[in-house]
Amino acid sequence: EMSEMSERSKQNVAHGLAWSFYVGYLKIVLPRLKKSMEEFSRANPNLPACRKTWKLHILVPLSCDIYDDLEKADSNIQYVTELTETTLARAGIKKRVYKHSLYAITDEENQLWHCAVEYATPLQTLYAMSQDECAAFSREERLEQAKLFYRTLEEILKGSKECADTYRLIAYEEPEEAEPHFLSREIVWHLRQEHHEEIAVLEQSHPPSPSTALDSAELNLQISVSDLPQPLRTDGF
């Protein structure tokens, strides 16, 4: 009876997608990501190296609207190269390849930020279900499922020791009026937070004077626990 109630309310959809995304993908690739970033940094010593940004930045648009080409989503996001791929035998597939794309993000001051970024692909499933009559998914239900997917994935990753400090979840709601560089600003905001975190760690190793110490409140992600993702931040963008 409880199973039937869960099926009718669709409560198990996002939960299952989050666990599948973690077990079938993130748990495999995230522990290997830092090594790939280190190899790239050694091969490209001319690019700034901020170790706190050596993570997989996972985009979670609550609309579930995903672009296959990030450069088309925002012209301030430009593809750079592929990171070192991981090849494994997986579920009967010989030499299955896992890899990530590195992008250069241009901010409002024309500064370049480099990071590995991609969408949370299970959101494509939620979007497709909302377009399929058989699934009977309304737009409101899709939004609630997207929020549940984010919260579930966040909790799973928080409890994963092997994935610690290898990812950054970027949940957001797109503005009602189209903004051509909304996505790049969203990503850069998170990259700046990570950069500040690295500076804070360095300053703890070499304590600064009180006047120059970073306030820990500046490093908060501003994510509401009760109803993600509002407000995700308070920086005025």
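Which side chain makes a polar contact with the side chain of K55? In this predicted model, that partner is D165, at 3.3 Å. The legends below start with this pair and then move on to other views.

**View 1. K55 and its surroundings.** Look for K55 in the loop between helix 2 and strand 1, the strand that spans residues 56–61. Although K55 is a lysine, its relative accessible area is 5%, and because buried means under 20%, K55 counts as buried. The side chain of K55 makes its 3.3 Å polar contact with the side chain of D165. Beyond its neighbours within four places in sequence, K55 is in contact with a run of residues made up of D165, T166, Y167 and R168, among others. Its contacts also include L33 and A116, as well as two glutamates, E194 and E197.

**View 2. H100 in the loop between strand 4 and strand 5.** Here the focus is on H100, which sits in the loop linking these two strands. With a relative accessible area of 5%, H100 is buried. Two polar contacts of its side chain are worth finding: one to the side chain of E118 at 3.2 Å, and one to the side chain of Y25 at 3.4 Å.

**View 3. The wider neighbourhood of H100.** Leaving out residues within four places in sequence, H100 is in contact with Y25, V29 and L33, with L56, with T81, E82 and L83, and with E118. L33 is a handy example of a partner from far along the chain: 67 residues separate it from H100 in sequence, while their C-alpha atoms are 8.7 Å apart.

**View 4. The largest pocket.** This pocket holds about 460 Å³ of space. Its lining is built from 20 residues, and those nearest the centre are Y25, K99, E118, Y119 and T121. Two or more lining residues come from each of helix 2 (11–43), strand 4 (93–98), strand 5 (101–106) and strand 6 (112–119). Sorted by class, the lining has nine nonpolar, six charged and five polar residues. Y25 and E118, both nearest the pocket centre, may be familiar from View 2: Y25 has a polar contact with H100, and so does E118.

**View 5. The buried side of helix 4.** Helix 4 covers residues 122–131, and its buried residues are P122, L123, L126 and S130. These four lie on the same side of helix 4, because they cover an arc of only 110 degrees around its axis. An α-helix has 3.6 residues a turn, so residues three or four places apart point the same way.

How values were computed: Residues are numbered from 1 along each chain as its sequence is written. This is a predicted model: local features need pLDDT of at least 70, side-chain atom pairs count only at pLDDT 80 or more; totals for chains, interfaces and linings use all residues. Side-chain values use heavy atoms; hydrogens and water are left out. On a 1 Å grid over the protein atoms alone, a cavity is a set of points where a 1.4 Å probe fits but cannot get out, and a pocket is an open set with protein on both sides within 12 Å along at least five of seven lines; lining residues have an atom within 4 Å of a point. Grid points are joined across faces, edges and corners, and a volume is the space filled by probe spheres set on the points. Ala, Val, Leu, Ile, Met, Phe, Trp, Tyr, Cys and Pro count as nonpolar, Asp, Glu, Lys and Arg as charged, and the others, Gly among them, as polar. Buried means under 20% relative accessible area, exposed over 50%, partly exposed in between (1.4 Å probe, protein chains only). Contact means heavy atoms within 4.5 Å. A polar contact is a pair of N or O atoms within 3.5 Å; within protein, one must be able to donate a hydrogen and the other to accept it, and residues adjacent in sequence count only if both atoms are side-chain atoms. The arc is that of the directions from the helix axis to the C-beta atoms.
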